[in-house]
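Open the model in your viewer and keep the selection tool at hand. The stops below go from the whole chain down to single residues.

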Amino acid sequence: MSREFVLTLSCQDAKGIVHAVSGLLYQAGCNIIDSQQFGDVLGEDATGLFFMRVHFDAPEHLADAPTLERLFGHVRQQFAMRLQVHGLQRRPRLMLMVSRYGHCLNDLLFRWKSGQLAVDIPAIVSNHPDFADLAASYGIAFHHLPLATGSGAAAKREQEQQVEALFARHQIDLVVLARYMQILSPEFCDFLQGRAINIHHSFLPSFKGAKPYFQAHDRGVKLIGATAHYVTPDLDEGPIIEQDVERVDHTLSPEDYTAVGRDVECVVLARAVRWHVEHRVLLNGRKTVVFR
């Protein structure tokens with residue numbers, strides 16, 4: 001994969017974008033393996049933006065992401081594009097953050113170890129010590145950064161700055177909040193903009209607080225869902241990457257609801273992480289475009 005790349009771009013929709021991009025790749029001796037595009041031009045809330053993802057291989061003398069980005073300098077300027085070229089020879093580096101519910105953490109680690117998730121995971125961070133042994137079993141550094149109950153904003157910000165230092169030290173590309181049960185400060189959200197994914201149940205705003213699945217059972221909910229989204233200062237309202245649901249009924253206990261919900265959370269988070277690291281997710285204002 002040393003010569004394979006993914007190009008992603010967004011710009012105002014206009015005629016000739018696909019021709020300009022594919023033509024330039026052809027002239028440079030590149031081979032397009034896969035190409036997807038979408039224009040958000042229909043409906044009252046359309047943004048008018050055009051999105052494109054191209055998977056291609058490059059000749060030896062161009063097989064470098066900065067070189068390829070420079071190749072697109074004129075086209076980028078012509079269409080005022082936001083354009084990036086990602087080399088597939090480099091595996092994205094993830095930091096996983098968790099509190100006391102380990103189902104999503106365990107699922108991601110298994111997918112990584114079994115080769116289903118092509119990433120490196122140099123660090124796991126938690127405000128509790130519970131999963132130190134799990135991290136050790138996978139040979140991953142575990143960083144326990146505690147937060148006392150009722151910690152003030154200053155203490156929380158100090159702990160977040162320790163996470164930011166780990167982010168820089170390990171050259172992290174993406175932070176995954178694998179049921180990390182802390183509200184992040186606006187400063188931390190800004191630091192992680194576009195580089196952090198969160199998972200939560202999809203009952204919000206109906207069932208807030210402790211034991212949401214027990215609350216759902218008490219109300220006779222028939223659908224249990226989960227949402228994976230990018231982290232923003234607006235709590236649980238960042239651009240959505242993936243969602244899914246499972247049906248439940250009156251025969252199930254509150255514990256059954258919880259088990260179903262955790263399974264859905266694992267699957268939805270894993271999909272969102274995989275699509276992000278494969279450069280399939282592009283931001284479209286408050287929404288996302290996902291090229292599956």
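Start by colouring two ranges. Residues 4-87 make up domain 1, and residues 93-290 make up domain 2. Bear in mind that this model is predicted. Place a marker at the centre of each domain, taken over C-alpha atoms: the two centres are 31 Å apart.

**Where the domains touch**

Now select the contact between them. Domain 1 supplies 13 residues and domain 2 supplies eight residues. Together the two domains bury about 810 Å². Carbon and sulfur atoms give 56% of that area.

Which residues of domain 1 lose the most area to domain 2? Select Phe51, Arg53 and His86. Together they account for 50% of what the domain 1 side buries.

Stay at this interface. The rule finds one salt bridge across it. Next, show the side chains of Asp40 and Lys287. They meet in a salt bridge, with 3.6 Å from N to O.

**A stop in strand β3**

Select residues 49-57, which form strand β3, and pick out His55 within that strand. Is His55 buried or exposed? Its relative accessible area is 15%, under the 20% cut-off, so His55 counts as buried.

Then show what surrounds His55. Set aside its neighbours within four places in sequence. The contacts of His55 are then Glu4, Phe5, Val6, Asn31, Ile32, Ile33, Asp34 and Leu88.

**Along helix α6**

Move to residues 153-169, helix α6. How far apart are its end C-alpha atoms? They are 24 Å apart. That agrees with the span expected for 17 residues at 1.5 Å a residue, which is also 24 Å.

Colour the buried residues of α6: Lys156, Arg157, Gln159, Glu160, Val163, Glu164, Leu166 and Phe167. Turn the view to look down the helix axis. The buried residues fall within an arc of 165°, so they line one face of α6.

What do these buried residues pack against? Select strands β5 (93-98), β6 (120-126), β7 (141-144) and β8 (174-177), and add helix α7 (186-191).

Rotate to the face of α6 turned away from its buried side. Ala154, Glu158, Ala168 and Arg169 are the exposed residues there.

For the last stop, step just past the end of α6. Gln171 takes a positive phi of about 50°.

Note on methods
Residues are numbered from 1 along each chain as its sequence is written. This is a predicted model: local features need pLDDT of at least 70, side-chain atom pairs count only at pLDDT 80 or more; totals for chains, interfaces and linings use all residues. Side-chain values use heavy atoms; hydrogens and water are left out. Helices (H or I, at least four residues) and strands (E, at least two) are DSSP runs, numbered from the N terminus. The expected span of a helix is 1.5 Å times one less than its number of residues. Buried means under 20% relative accessible area, exposed over 50%, partly exposed in between (1.4 Å probe, protein chains only). The arc is that of the directions from the helix axis to the C-beta atoms. Contact means heavy atoms within 4.5 Å. Domain bounds come from an automatic or database domain assignment. Buried area is the accessible area (1.4 Å probe) that two parts lose on being put together, summed over both. A salt bridge is a side-chain nitrogen of Lys or Arg within 4 Å of a carboxyl oxygen of Asp or Glu.
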